[in-house]
Amino acid sequence: MLKVGITGGIGSGKSIICKVFKQLGIPVYSADQVAKELLLSDETLRSKVLEYFGSSIYSGLGELNTKHLSKIVFKNIKALEKLNSIVHPAVREHFDKWYNKQLSTGSVSVDNPPYVIKEAAILFESNAHRELDLVISIFTPTDIKIRRVMKRDGMKENEVKQRMKSQMSDEEKIKLSDYVIINDDRSLVIPQILKVHENIIRSTTSQA
């Protein structure tokens with residue numbers, strides 16, 4: 001079963017595109033969502049985050065203050081690197097267990113294509129791509145990404161741009177990717193997804 005990564009900058013539409021792959025029967029692992037869940041449930045991670053960032057990172061009820069944490073790390077590269085060094089190893093281990101479960105449950109069949117997807121915003125930045133067989137990058141013009149995030153998260157333009165600075169440029173990601181899906185509100189996305197899906201299936205068949 002191949003491991004396929006999907007990445008793209010903030011506001012590129014990763015989640016929506018992954019929903020289409022799910023409809024095609026492809027298991028999808030959201031690294032960003034899992035990271036948030038682990039920061040709530042994993043006591044080792046919690047203690048490390050508290051030690052470095054302070055008690056204000058969690059509420060009195062123990063919930064993660066994501067807005068406060070984001071303000072810290074997206075303004076301080078060292079803080080972002082520290083957070084990533086704490087979270088990424090745990091996510092990597094969690095993904096490996098999830099992947100092995102996909103194999104052991106026999107989810108791959110004639111009706112279920114032999115690959116899984118790992119969705120992550122900073123797939124290349126965290127070097128997670130090195131453990132994958134293929135990578136799909138989503139390209140979206142900067143102005144569209146900014147507009148989407150401002151509408152979705154209620155953020156100001158300068159806040160969105162600040163976050164973008166912490167991520168690798170789309171151009172760099174494309175150079176390192178095997179496939180590119182253009183999501184610019186003009187190009188038809190589903191035909192592109194189907195083509196990528198068919199190509200991956202073809203590649204697994206040729207290797208069999």
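This briefing describes the strands, the salt bridges and one charged surface patch of the structure above. The model is a predicted one. Strand S1 (residues 2-7) pairs in the parallel sense with strand S4 (residues 134-139) and also with strand S3. By the rule used here, the count of salt bridges comes to nine. A positive surface patch is formed by four lysines: Lys67, Lys71, Lys75 and Lys156.

**Strand pairing**

- S1 and S3 pair in the parallel sense over five bridges, and valine 4 stands opposite isoleucine 117 in S3.
- S3 is also joined to strand S2 (residues 28-30) by three bridges, and S2 and S3 run parallel.
- In S3, lysine 118 is the residue opposite tyrosine 29.
- Four bridges join S1 to S4 in the parallel sense, and threonine 7 stands opposite serine 137 in S4.
- S4 pairs in the parallel sense with strand S5 (residues 179-182) as well, over four bridges.
- Serine 137, which stands opposite threonine 7, also stands opposite valine 180 in S5.

**Cover of the strands**

- S3 is mostly covered, with five of its five residues buried.
- The residues of S3 point in two directions: Tyr115, Ile117 and Glu119 point one way, Val116 and Lys118 point the other way, and all are buried.
- S4 is mostly covered too, with five of its six residues buried.

**Salt bridges**

- Side chains of opposite charge can pair when their charged atoms come close.
- Arginine 92 forms a salt bridge with glutamate 131, and the closest N and O atoms are 3.0 Å apart.
- Arginine 92 lies in helix H5 (residues 77-104) and glutamate 131 in the loop between S3 (115-119) and S4, so this pair ties together parts that are 39 residues apart in sequence.
- Arginine 92 is partly exposed, because its relative accessible area is 26%, and glutamate 131 is partly exposed at 35%.
- Within H5, the side chains of glutamate 93 and lysine 97 meet in a salt bridge, at 3.6 Å from N to O.
- Glutamate 93 and lysine 97 are four residues apart in helix H5, so about one helical turn separates them.
- Glutamate 93 counts as partly exposed at 47% relative accessibility, whereas lysine 97 is exposed, with a relative accessible area of 55%.
- Arginine 148 forms a salt bridge with aspartate 185, and the closest N and O atoms are 2.8 Å apart.
- Arginine 148 lies in helix H6 (residues 142-153) and aspartate 185 in the loop between S5 and helix H9 (189-207), so this pair ties together parts that are 37 residues apart in sequence.
- Arginine 148 is partly exposed, with a relative accessible area of 21%, whereas aspartate 185 is exposed at 53%.
- Arginine 148 and aspartate 185 belong to a network of salt bridges that also includes Arg147.

**Positive surface patch**

- Lys67, Lys71, Lys75 and Lys156 form the positive patch on the surface.
- One of these residues, lysine 67, lies in helix H4 (residues 66-73).
- Lysine 67 counts as exposed because its relative accessibility is 65%, and exposed means over 50%.

Note on methods. Residues numbered from 1 in each chain as written. Predicted model: local features only at pLDDT ≥ 70, side-chain atom pairs only at ≥ 80, totals over all residues. Heavy atoms only, no water. Patch = residues over 30% accessible without salt bridge, like charges linked within 9 Å, V, L, I, M, F, W, Y side chains within 5 Å. Areas by Shrake-Rupley, 256 points an atom, 1.4 Å probe, with all protein chains shown as cover. Lys, Arg positive; Asp, Glu negative; His and termini not counted. Charge placed at Lys NZ, Arg CZ, Asp CG, Glu CD. Buried < 20%, exposed > 50% of the residue type's maximum accessible area, 1.4 Å probe, protein only. Pairing = 2+ DSSP bridges.
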